[in-house]
Structures are given as structure tokens and as C-alpha cells.
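Work through the two exercises that follow with the sequence and the coordinates open beside you. Each task sentence is followed by a solution that proceeds step by step.

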Amino acid sequence: MRVAVLTGAGISAESGIPTFRDEGGLWKNLDPKVLATPTAFERNPALVWEWYLQRRSIIAKAKPNAGHLGLVELEQELGENFFLITQNVDGLHQRAGSRRLVELHGNIWKVKCLSCDASYEDYSTESAQLPPRCRECGGLIRPAVVWFGEPLPADALETAYRWAQNCDLFVCIGTSGEVYPAAHLPYVAKEAGAQVVEINPKETKLSPLADLCIREPATKGVQELLKMI
Ligand code: APR
């Protein structure tokens, strides 16, 4: 059985990382247009970097939870019949041990230089100067994440669509299904004949599409999924 999994911020919620649209979520208190768009960065790179460094320090203290670890178990069990598509930028899936994955929205621990195009990993959670500078040329660097209005990494998106079109089971975990093109993937899977399962304590836009809704938090829901497969 070929299984594709799409995760969102909800799978990292029990690791202490705030989601975006829940009560107390990031977009409840902050304006994405001020912090997560190319224009915002152009206007005030220091402010945007301050926010990303803050998020990095929360993520650095967080640990992968039973939801992340359950998906590693599933990957080990299914091997090349398993693939993980994440919208998350926190890197917790990799820290848990997932290897067969794509990051649709980039990774908060990577940076890109706007002057010399260098791209590299950067694990700092604070910076002597704001905005931080490129280690190669001293130019302005940005977090290598996808901001609103920006295209997703083409190869990651292509891989995600290929898996959505060629799987028997498509599992959505911890995503509100609000942001495209990621939210389109479960529809593509359904169209291609896959069963769709949702693991989320709350109803979402994707719920009507699901053949099965596991109304549990990810730590419990993934364990139930493991028993089913
Ligand atoms: N287990 C599973 N799901 C949970 C849990 C949990 N413990 N806690 C909350 N959730 C669910 C919420 O019910 C909600 O449906 O996680 C979902 C989080 O939704 P969002 O905050 O909208 O996050 P996400 O769907 O990942 O957002 C997609 O939007 O802001 C952009 O780029 C950002 O990748 C992000 C994208």
C-alpha cells in the first residue's frame, strides 16, 4: 500500500510550537503581511529577522513528539511505499528521523543571500547584528522559507503532486487546509482514487473530503493510524 502524508503546524503543536490559525496561533496576534511577505522583508528586514530568530529559539527548545516519531516508524515499515510532504519549516520531522520527505514551504534553519545567492544552514537563534549578514559576501540574507505570494520550490511541489496522484492512502495531519497549493494535494489524491484520512482534533475545510476523520491530536492519531495500516 502506497501512503502519502501531508503535515501542517498541528503536528508540532504538542512539541510546544504555536500553530498559525488556532486560538493563540501566530496569525491571531501577528499580521502575516507585516512578517511573512517579500514586501515586509524589503520594508523592514530587521523586524522580520527578529521574528524568525524568536521562532527559531522556540523550535530549538522543542522536541519531536510521538506524532513525528510515529511517522518515522511508518516510513521504516513501508520504505519506498511511504512519502511525507510537510508544510512545516521547523525541521522536526528530520530531527525525529524522517528521510523520505519534501518541505513545501522551506526550512527555518536555512538562509539565502540576496546578493551572492549563497544558500546554507544557519542554526543561530540570535544575531549580533540585525538583519544578519551573509557569511560569504556580507550581503543581506533571508530565511529560506516560502512567504505569501512566493512560488513553492518546484521540485518539492512536483514530487508532492506525483505522490498525491500515485498513492492508495493520503493522510492529512494537523493542517487547516487553508493554504494552496498544499491544500490542493488531498483533492488530487482523492481524484486519483486514494482513500483520504484526516488526523486533527478539529473539523477543517478538508474534513468533508476525508473518508475517515480521526478527531485526535497527532500524538494519539498517528498511533491509531499505525494500528490501521
Ligand atoms: N494535533 C493535530 N492537529 C492539531 C493539533 C494537534 N495537537 N493542534 C492543532 N491542530 C490543528 C488545528 O486544528 C488546525 O487545523 O492544526 C491545524 C493548524 O492549522 P494552521 O495553523 O492553519 O497551520 P497549517 O495548516 O500548517 O498552515 C499552512 O499557512 O501560514 C502558512 O506557511 C504557513 O505552512 C503554513 C501554512
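In this predicted model, a residue counts as buried under 20% relative accessible area, as exposed over 50%, and as partly exposed in between.

**Exercise 1.** Classify D22 and K202 by their accessibility, and describe the salt bridge between them.

*Solution.* Begin with D22, whose relative accessible area is 30%; because this value falls between the two cut-offs, D22 is partly exposed. The value for K202 is 48%, so that K202 is likewise partly exposed. Next, take the contact itself, in which the closest N and O atoms of D22 and K202 are 2.9 Å apart. Finally, place the partners along the chain: D22 sits in the loop between α1 and α2, whereas K202 sits in the loop between β8 and β9, 180 residues apart, and the pair therefore links distant parts of the chain.

**Exercise 2.** Determine how strand β7 (residues 169-173) is placed among its neighbours, and whether its residues are buried or exposed.

*Solution.* First consider the pairing: β1 (residues 3-7) runs parallel to β7 over five bridges, with V3 bridged to L169, and β8 (residues 195-199) is also joined to β7 in parallel by five bridges, with F170 bridged to V196. Then follow the connection, in which β7, helix α9 (residues 185-191) and β8 make a right-handed β-α-β unit. Now turn to the side chains, which in a regular strand alternate between the two faces of the sheet. L169, V171 and I173 point one way from β7, while F170 and C172 point the other way. Five of the five residues are buried, so β7 is largely enclosed by the rest of the structure.

Definitions and conventions:
Residues are numbered from 1 along each chain as its sequence is written. This is a predicted model: local features need pLDDT of at least 70, side-chain atom pairs count only at pLDDT 80 or more; totals for chains, interfaces and linings use all residues. Side-chain values use heavy atoms; hydrogens and water are left out. Buried means under 20% relative accessible area, exposed over 50%, partly exposed in between (1.4 Å probe, protein chains only). Helices (H or I, at least four residues) and strands (E, at least two) are DSSP runs, numbered from the N terminus. Two strands pair if DSSP finds at least two bridges between them. A crossover is right-handed if, with the strands pointing away from the viewer, the path from the first strand over the helix to the second runs clockwise. A salt bridge is a side-chain nitrogen of Lys or Arg within 4 Å of a carboxyl oxygen of Asp or Glu.
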